[in-house]
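Biologist: Please take a close look at the helix packing in this model. I would like one connected account that starts there and then follows the contacts outward.

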Amino acid sequence: MSTLPITKRGAESLKAELHKLKTVERPWVINAISEARAQGDLSENAEYEAAKDRQGFIEGRIQEVEGKLSVAQIIDPATLDAGGRVVFGATVDLEDEDSGQAVQYQIVGEDEADLKLGRVNVSSPIARALIGKEVGDTAEVNAPGGIKRYEVMAVSYI
């Protein structure tokens, strides 16, 4: 499996989720299963089935998070020196050439992407259009409403 780029913040978030799954969620579901077992007939016990389903989800998520962390290439944007170019982890200030609206995006890994927080997945169309650009360059993005053009106003590594 190839490496998975992730920011330092994203890796810390995954580690926190893994810790919670192992120390809170897993013990809770084990307790719920044992309580449901104590109620008798398992063939018609909805609580038992729900707890077993939850256990399957938790164990699957633990494996998924551990797998992602094992192949993660953790990148701290504050230590980057890309000479003003847009790279993974960079925060980019853009201006829509049609509307003049200013937006700011940080290019992050798949698990950290959240458009409401201005974090875009590195494999998204806008991130792919921005990678390698510098201040003053124009990026063309194929958006659902047609091609949008953004001018790169600033690039920072925070």
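Modeller: H1 and H2 count as roughly antiparallel because of the angle at which they pack (the term covers angles over 145 degrees). That angle is about 160 degrees, and the two axes lie 9 Å apart; the axes are lines fitted to C-alpha atoms over the stretch in contact, and angles run from 0 to 180 degrees between N-to-C directions. The model is predicted, so local features need pLDDT of at least 70 and side-chain atom pairs pLDDT 80 or more, while totals for chains, interfaces and linings use all residues. Residues are numbered from 1 along each chain as its sequence is written, and side-chain values use heavy atoms, without hydrogens or water.

H2 runs through residues 46–70, which makes 25 residues; helices (H or I, at least four residues) and strands (E, at least two) are DSSP runs numbered from the N terminus. From first C-alpha to last, H2 reaches 36 Å, close to the 36 Å expected (1.5 Å times one less than the number of residues).

The buried residues of H2 are Tyr 48, Ala 51, Ile 58, Arg 61, Ile 62, Val 65 and Lys 68; buried is under 20% relative accessible area, exposed over 50%, partly exposed in between, with a 1.4 Å probe and protein chains only. Arg 61 and Lys 68 are thus listed alongside residues such as Ile 58 and Val 65. As a group, the buried residues of H2 pack against helix H1 (8–37), and also against strand S1 (4–7) and strand S2 (72–75).

On the H1 side, Leu 18 gives a view of the helix pair. Leu 18 belongs to H1 and, with a relative accessible area of 13%, is buried. Setting aside residues up to four places away in sequence, Leu 18 touches Ile 62, Val 65, Glu 66 and Leu 69 (heavy atoms within 4.5 Å). Two of these partners, Ile 62 and Val 65, are also in the list of buried H2 residues.

Two residues can serve to place the helices against the rest of the chain. Thr 91 is 73 residues from Leu 18 in sequence and 27 Å away in space, C-alpha to C-alpha. Pro 144 is separated from Val 65 by 79 residues in sequence and by 32 Å between C-alphas. Pro 144 sits in the loop joining strand S6 (138–143) to strand S7 (146–156), and with a relative accessible area of 92% it is exposed.

Thr 91 leads on to Gln 106, a residue of strand S4 (102–108). Gln 106 has 9% relative accessibility and therefore counts as buried. Beyond four places in sequence, its contacts include Thr 7, Arg 9, Thr 91, Arg 119 and Ile 158.

S7 leads to Val 152, which lies in that strand and counts as buried at 1% relative accessibility. Outside its neighbours within four places in sequence, Val 152 is in contact with residues including Val 92, Asp 93, Leu 94, Leu 130 and Lys 133. Val 103 is 49 residues away from Val 152 in sequence but 10.0 Å away in space, C-alpha to C-alpha.

Leu 130, one of those partners, lies in helix H3 (125–130), and its relative accessibility of 0% makes it buried. Its contacts, again leaving out residues up to four places away, are Val 86, Leu 94, Ile 107, Ala 139 and Val 152. Leu 94 thus touches both Leu 130 and Val 152. Between the C-alphas of Leu 130 and Phe 88 the distance is 10.0 Å, with 42 residues of sequence separating the two.

How values were computed: Parallel < 35°, antiparallel > 145°, perpendicular 65-115°, else oblique.
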